[in-house]
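Me: I'm new to reading protein structures. Could you take me slowly through the place where the ligand sits, and tell me what surrounds it?

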Amino acid sequence: MRANEPLRRLVRETALEPSDFILPLFVCPGEGVRREIGAMPGNYQLSIDELVKECEQVQSLGLGGVILFGIPETKDEIASEAYADDGIVQRAVRSLKRALPELVVITDVCNCEYTSHGHCGKVVGGDVDNDATLEWLAKAAVSHARAGADIVAPSDMMDGRVAAIRRALDEAGFPTTPILSYAAKYASVFYGPFREAAESAPQFGDRRSYQMDPANVREAMREISLDVHEGADIVMIKPAMPYLDIIRMARDRFQLPIAAYQVSGEFSMIVAAARNGWLDRERAMMESLTAIRRAGADFILTYFAKDAARALA
Ligand code: PBG
């Protein structure tokens, strides 16, 4: 059954489609800005006008949608721009929904891009205060929904944030806005290039007091189950390829849609190896995405989204 491509196609168990891919995009202040990110070749910090142009391409390639990360004008101790109605992401969502009403726009709900210290929440006594951070997250999610976001995606890893966001959305008149929860998010070295892109590296310490220990699997199931009970509509596992066992176990246990995030470091490793002539870029890209789908992800957040859609065309 492997003798030729038509036979292989007949018995292939996993298929990829452009609509399986969500493209992460970084939006920054200004006009006409298209600044390439050093550690993530082919990815850019985009001003809103450039973002709209990029998303016209995304739509014509038939991708599943985009997820937006904001680089604010100014950062402060209390992450003001994360939940401001005229914040960078809120303005970007309004422009996108006006220009491309059919495009699925997901917003990342977190504080690390907006705090001067680079942590994902309110810092009290040298560490992030979980409960004090919930209010910021709820306000940010509501401001995104008000701007027109189709899905909000909390990535902070505070306990209880899905419940807090669900309640706030319902009270603000957005009972149908779904929550995509970064449910099992590991404290991973593979986020390194992203922190350059989003200018969000922590200024002291690390994120190990709130993101998960890479050694743990049962804890991931507990995290997912908590988020399901709090009202998550989609759960995500992140990173993807080093955590295929987590994706598979979640697929077998939970009925919700499952997303996986092929993170910046996973992307950059393949691109760097390909640039050195050590790997075939397109084959490495397609094999990694196929593996993530095969493990059980319904859709994938990936910096390869556009290239993979072109490869499938
Ligand atoms: C924000 C956030 C991060 C990523 C997505 N949302 C960075 C982090 O937790 O430090 C990483 C995505 C990537 O590496 O592509 N908390």
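Reply: Happy to! Let's begin with R195: an N or O atom in the side chain of R195 is 2.7 Å from an oxygen atom of the ligand. Keep in mind that this is a predicted model, and that the distances here are computed from it.

A second contact comes from S264, where a side-chain N or O atom is 2.7 Å from an oxygen atom of the ligand. K238 deals with a nitrogen atom of the ligand instead, and a polar atom of the K238 side chain lies 3.3 Å from that nitrogen. How much of the ligand's surface does the protein bury? The ligand exposes 400 Å² when taken alone, and the protein buries 100% of that. The space that the ligand takes is the largest cavity.

Now look at the surroundings as a group. There are 18 residues around the ligand, and those that come nearest are K185, R195, K238, S264 and Y303. By character, the shell divides into ten nonpolar residues, three polar ones and five charged ones.

Y303 deserves one more look, as it leads us to the aromatic pairs, of which the structure holds ten. In one of them, the ring centres of F26 and Y303 are 6.4 Å apart and the ring planes are at 5 degrees, so this pair counts as stacked. F26 lies in strand β1 (residues 21–27), while Y303 lies in the loop between β12 (299–302) and α11 (305–312), so the pair ties together parts that are 277 residues apart in sequence. Try finding Y303 on your screen: Y303 is among the residues that come nearest to the ligand, and its ring is stacked with that of F26.

Key:
Residues numbered from 1 in each chain as written. Predicted model: local features only at pLDDT ≥ 70, side-chain atom pairs only at ≥ 80, totals over all residues. Heavy atoms only, no water. Near = heavy atom within 4 Å. Polar contact = N/O pair within 3.5 Å; in protein donor to acceptor, adjacent residues only side chain to side chain. Areas by Shrake-Rupley, 256 points an atom, 1.4 Å probe, with all protein chains shown as cover. 1 Å grid on protein atoms, 1.4 Å probe; cavity = no way out; pocket = protein on both sides within 12 Å on 5 of 7 lines; lining within 4 Å. Sits in = over half its atoms within 2 Å of the grid points. Nonpolar A, V, L, I, M, F, W, Y, C, P; charged D, E, K, R; others polar. Phe/Tyr/Trp six-rings, centres within 6.5 Å; stacked < 30°, edge-to-face > 60°. Helix = DSSP H or I, 4+ residues; strand = E, 2+ residues; numbered from the N terminus.
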